[in-house]
Amino acid sequence: MSVIIKGTGSYIPDVVTTNEDFHQNNFLNMDGSVIEHSSEVIVEKFKAITGIQERRYAKTHLTASDIGSFAAEKAIADAKIDPETIDYIIVAHNFGDVKHDAIQSDILPCLAARVKHSLRIKNPKCVAYDILFGCPGWVEGMIQAKAFIDSGIAKTCLVIGAETLSRVVDQHDRDAMIYSDGAGAAIVTASDDTQRGILAHESASYTYDEAYYLFFGCSNNLELDKDTRYIKMHGRKIYEFALSHVPAAMKSCLEKSGADIKDLKKVLIHQANEKMDEAIIHRFYRQFKTPVPEGIMPMSIHKLGNSSVATVPTLYDLIMKGKLEGHDLNPGDLIMFASVGAGMHINAIVYRV
């Protein structure tokens, strides 16, 4: 028996926000001091580092659970399954449902319960729960789904990553330009086809010194309400952490799978920062004394931004549906999923399509 991805779906919001839309922002340093460069210069430097040209925001009436449901509907249709046969619905997110112009997160009930409700699934034995694991949440949800299926207590799981980060960003923080909204989903099932499926996985949590590299903090504009919190990060520390730990985790995962690095067709890394992802992939291949193959790392961040838990499943869905120019996957292809994020957590999966 193997554990396979039977269907995928994603929801890419309609609202496009370009870098030029940030030219009027009053960017400040974390201590509230004025940045000496103009907003235009800040935006250009941001693009050069992250590769982000534009990002997507959900329409004001939609929440993370709403767009997660849309992605789930597409995955269910793609898998051609009866939703009543789903044993587990696992929803990865970080901030719950944050309504437009609200300052509170709503996670009562949990987002997975809301998704199940929206899908109109009646079966009470379809267990719905959330996972909070930073940006690697969807990958970790996939690992949990595999454990449920391997143990025999489940045959079919729905794993979703959904986030509306646009509603928790500080408009006075340059990092606000990184984040976006989106959702991706996958139907994961048991299969008799042992030639495909999840071959190996790796997870780790570094919390001794690294737990608060990403955190909830007040605005860089110190005149604003200090009780209103926004997503904040120590970017340089995260960059150094990712380069130190993610390639090693990817190497360990590949070695567990028994596959050769030359057999990898694609490596789908969390779309966090173009230069960081490029550095990770180069360090990964350097460990095997192998040059980085051309086209090995698909990127969606240029147009979609960083939608946290949604980046990896959305990227995979786009490739599988033939919607990412220059990239394709065929039955038998070997790929790797990898992610890093708040916690600090890292994980990876080796998967044969």
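How many nonpolar, polar and charged residues does the lining of the largest cavity have? In this predicted model, that lining comprises six nonpolar, six polar and one charged residues. The count of cavities of 30 Å³ or more comes to one, and the volume of the largest cavity is about 70 Å³. Its lining is made up of 13 residues, among which I12, D181, L304, S307 and T314 lie nearest the centre of the cavity. Two elements, β7 (181-191) and α8 (311-320), each give two or more residues to this lining, and β7 gives the most, with a contribution of three residues.

The strand β7 also belongs to an open sheet of five strands, in which the order is β1-β7-β6-β4-β5 and the pairing is mixed. The edges of this sheet are formed by β1 (2-11) and β5 (127-131), each of which has a single partner strand, so that one side of each is left without a neighbour in the sheet. From one strand to the next, the twist averages 20°. The edge strand β5 runs parallel to β4 (residues 88-92), to which it is joined by five bridges; within this pair of strands, I90 has Y129 of β5 as its bridge partner.

Two helices that pack on the sheet may be described in turn. Helix α2 (residues 64-79) packs on the sheet through contacts with β1, β6 (156-164) and β7, and the direction of this helix makes about 125° with that of β1. Helix α8 likewise packs on the sheet, touching β1 and β7, with a direction that makes about 90° with that of β1. Both β1 and β7 are thus touched by α2 and by α8, while β7 and α8 are also the elements that give two or more residues to the lining of the largest cavity.

The accessibility of α8 was examined next. This helix is mostly covered, nine of its ten residues being buried, where buried denotes a relative accessible area under 20%. The buried residues of α8 are T311, V312, P313, T314, L315, Y316, D317, L318 and I319. One of these, T314, is buried within the helix and is also listed with the residues that lie nearest the centre of the largest cavity. Beyond the helix, α8 is followed by G322, a residue whose phi is positive, near 70°.

Notes. Residues are numbered from 1 along each chain as its sequence is written. This is a predicted model: local features need pLDDT of at least 70, side-chain atom pairs count only at pLDDT 80 or more; totals for chains, interfaces and linings use all residues. Side-chain values use heavy atoms; hydrogens and water are left out. On a 1 Å grid over the protein atoms alone, a cavity is a set of points where a 1.4 Å probe fits but cannot get out, and a pocket is an open set with protein on both sides within 12 Å along at least five of seven lines; lining residues have an atom within 4 Å of a point. Grid points are joined across faces, edges and corners, and a volume is the space filled by probe spheres set on the points. Helices (H or I, at least four residues) and strands (E, at least two) are DSSP runs, numbered from the N terminus. Ala, Val, Leu, Ile, Met, Phe, Trp, Tyr, Cys and Pro count as nonpolar, Asp, Glu, Lys and Arg as charged, and the others, Gly among them, as polar. Two strands pair if DSSP finds at least two bridges between them. Axes are lines fitted to C-alpha atoms, for helices over the stretch in contact, and angles run from 0 to 180 degrees between N-to-C directions. Contact means heavy atoms within 4.5 Å. Buried means under 20% relative accessible area, exposed over 50%, partly exposed in between (1.4 Å probe, protein chains only).
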